[in-house]
Amino acid sequence: MQPAIQLSGVWKRYPGNEEPAVRDLDLTVYRGEILALLGPSGCGKTTTLRLIAGFERPDAGTVALNGEVVASEDRFVPPERRGVGMVFQDYALFPHLTVAENIAFGLGRLTRSARRERIRDLLRLTGLEDVHDRYPHQLSGGQQQRVAIARALGPNPQVLLLDEPFSNLDTELRLQMRVELRRLLEQLGITAVLVTHDQQEAMAIADRMAVMLAGHIEQVDTPEKVYHYPVNRAVAQFVGQATFVPARLNGVLAESDLGRFAFEPRASSPDLVELLVRPRDVSLEADPQGIAVVLSRQFQGPETVYLVQLPCGVQLQTSQPSYVDIPPGTRVRVRCNRARLAAFDRHAQIGVT
Ligand code: ATP
């Protein structure tokens with residue numbers, strides 16, 4: 001696989017700020033890949049996009065696009081020569097230009113007929129033919145977003161960067177645009193980096209996701225791996241509900257309130273570890289011999305959320321299908337999907353049971 005974007009050891013601190021916005025950033029995005037950059041507000045996601053696009057210059061480190069260094073200590077290629085398209089969070093459409101004129105704006109020097117043909121292609125690609133002569137204020141949020149995408153795609157960029165592309169859309173449109181955007185990016189085979197602070201959005205749209213916390217990328221992997229096998233507790237907690245259940249390592253067994261699981265300890269594994277449990281990865285069964293007790297039950301339509309007291313003191317949160325109906329106070333047996341169990345020491349994941 002060929003890298004399309006490579007950041008190596010990139011640092012960026014804004015003047016007047018004590019903390020760097022990004023620190024020692026390493027990230028590789030492969031050609032044709034859709035990567036979601038996920039992290040809480042202020043963690044440096046937009047800064048990372050701006051460094052790739054060329055709107056910011058790194059204090060240290062290098063940025064390379066398709067194998068060519070575009071930013072380093074002694075080299076800086078300006079944004080317009082990077083072959084990168086960017087879709088901004090607020091779309092940044094020109095209010096006094098029509099849809100077709102907005103799209104034409106990004107096209108640069110083309111003959112009149114080539115320009116007309118390109119606009120027609122882009123309108124078709126993004127499903128905007130019927131509204132080509134409308135102004136931005138006459139469009140829905142989803143249509144405005146498509147104009148911004150069409151305009152960014154105009155110059156045939158190798159890489160498309162999207163900053164919180166769904167944040168201005170209501171929930172239903174968001175879900176629909178996720179599917180549409182993913183289909184469009186796949187169809188074009190374009191490399192895309194999409195910034196979001198929404199875990200579900202990142203997981204739904206990306207081939208891989210990079211989790212960024214406090215200016216640093218903690219993990220880059222498929223959504224499944226990041227969710228079930230996060231590299232450390234901070235990532236585990238950011239990408240979804242997480243309960244940590246203590247376990248004692250006894251030879252090759254991890255013994256816990258959830259049962260005993262074979263575990264391959266590392267030389268440095270402590271005797272006490274913690275098992276990460278996701279809400280859907282356990283099931284509950286009423287059982288008078290059970291060692292856990294249901295504390296609360298919250299019906300939420302398709303699922304019911306239970307809080308369960310374990311003897312070790314931990315309260316485990318789990319979502320069960322809503323036909324599972326166990327009143328609070330009931331003793332239960334908690335069954336685990338052991339293929340999903342990862343063990344952690346105080347900071348990091350130390351293996352899988
Ligand atoms: P959000 O999700 O809220 O957009 P983000 O993850 O995209 O946040 P950035 O916008 O990259 O984060 O900001 C990272 C840090 O750098 C923040 O602490 C922010 O306040 C600071 N910062 C960003 N831009 C500037 C600037 N132009 N001048 C000074 N500080 C800035």
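A residue counts as exposed if 12 or fewer other C-beta atoms lie within 10 Å of its own C-beta, and as buried if there are 20 or more. Keep that in mind for the views below, which come from a predicted model.

**View 1. Asn156, out in a loop with a positive phi.** Asn156 has just 11 other C-beta atoms within 10 Å, so this residue is exposed. You'll find Asn156 in the loop that links helix 4 (141-153) to strand 8. Its phi is near 55°, a positive value in a residue other than glycine. For background, most residues other than glycine have a negative phi.

**View 2. Ala214, another positive phi, between two strands.** Here the loop runs between strand 10 (208-213) and strand 11 (216-221), and Ala214 sits in it. The phi of Ala214 is near 45°, again positive without being a glycine. Ala214 is partly exposed, because 16 other C-beta atoms lie within 10 Å.

**View 3. Val159, a buried residue in strand 8.** Strand 8 covers residues 159-163, Val159 among them. With 21 other C-beta atoms within 10 Å, Val159 counts as buried. Leaving out residues up to four places away in sequence, Val159 touches Ala4, Ile5, Leu65, Gly83, Val84 and Thr191. Pro95 is 64 residues from Val159 along the chain, and their C-alpha atoms are 26 Å apart.

**View 4. An open antiparallel sheet with a helix packed on it.** Five strands line up in the order 2-1-4-5-6, with antiparallel pairing. Strand 2 (22-30) and strand 6 (75-76) are the edges, each pairing on one side only. Helix 1 (residues 45-53) packs on this sheet and touches strand 1 (3-12), strand 2 and strand 4 (60-65). The direction of helix 1 makes about 120° with that of strand 1. Over at the strand 6 edge, strand 5 (residues 68-72) and strand 6 pair through two bridges. Look for Ser72, whose bridge partner in strand 6 is Arg75.

**View 5. The shell of residues around the ligand.** Twelve residues would be a lot to label, so here they are in chain order: Tyr14, Asn17, Ala21, Gly39, Ser41, Gly42, Cys43, Gly44, Lys45, Thr46, Thr47 and His197. By type, the shell splits into three nonpolar, eight polar and one charged.

**View 6. The span annotated in UniProt.** An unreviewed UniProt entry lists residues 5-239 as "domain: ABC transporter". That span is 34% helix and 26% strand, and its end C-alpha atoms lie 24 Å apart.

Notes:
Residues are numbered from 1 along each chain as its sequence is written. This is a predicted model: local features need pLDDT of at least 70, side-chain atom pairs count only at pLDDT 80 or more; totals for chains, interfaces and linings use all residues. A residue is near a molecule or strand if its C-beta atom, placed from the backbone, lies within 6 Å of it. Ala, Val, Leu, Ile, Met, Phe, Trp, Tyr, Cys and Pro count as nonpolar, Asp, Glu, Lys and Arg as charged, and the others, Gly among them, as polar. Two strands pair if DSSP finds at least two bridges between them. Helices (H or I, at least four residues) and strands (E, at least two) are DSSP runs, numbered from the N terminus. Two residues are in contact if their C-beta atoms, placed from the backbone, lie within 7 Å. Axes are lines fitted to C-alpha atoms, for helices over the stretch in contact, and angles run from 0 to 180 degrees between N-to-C directions. UniProt positions are given in the numbering used here, feature names are shortened, and annotations may be inferred rather than shown by experiment.
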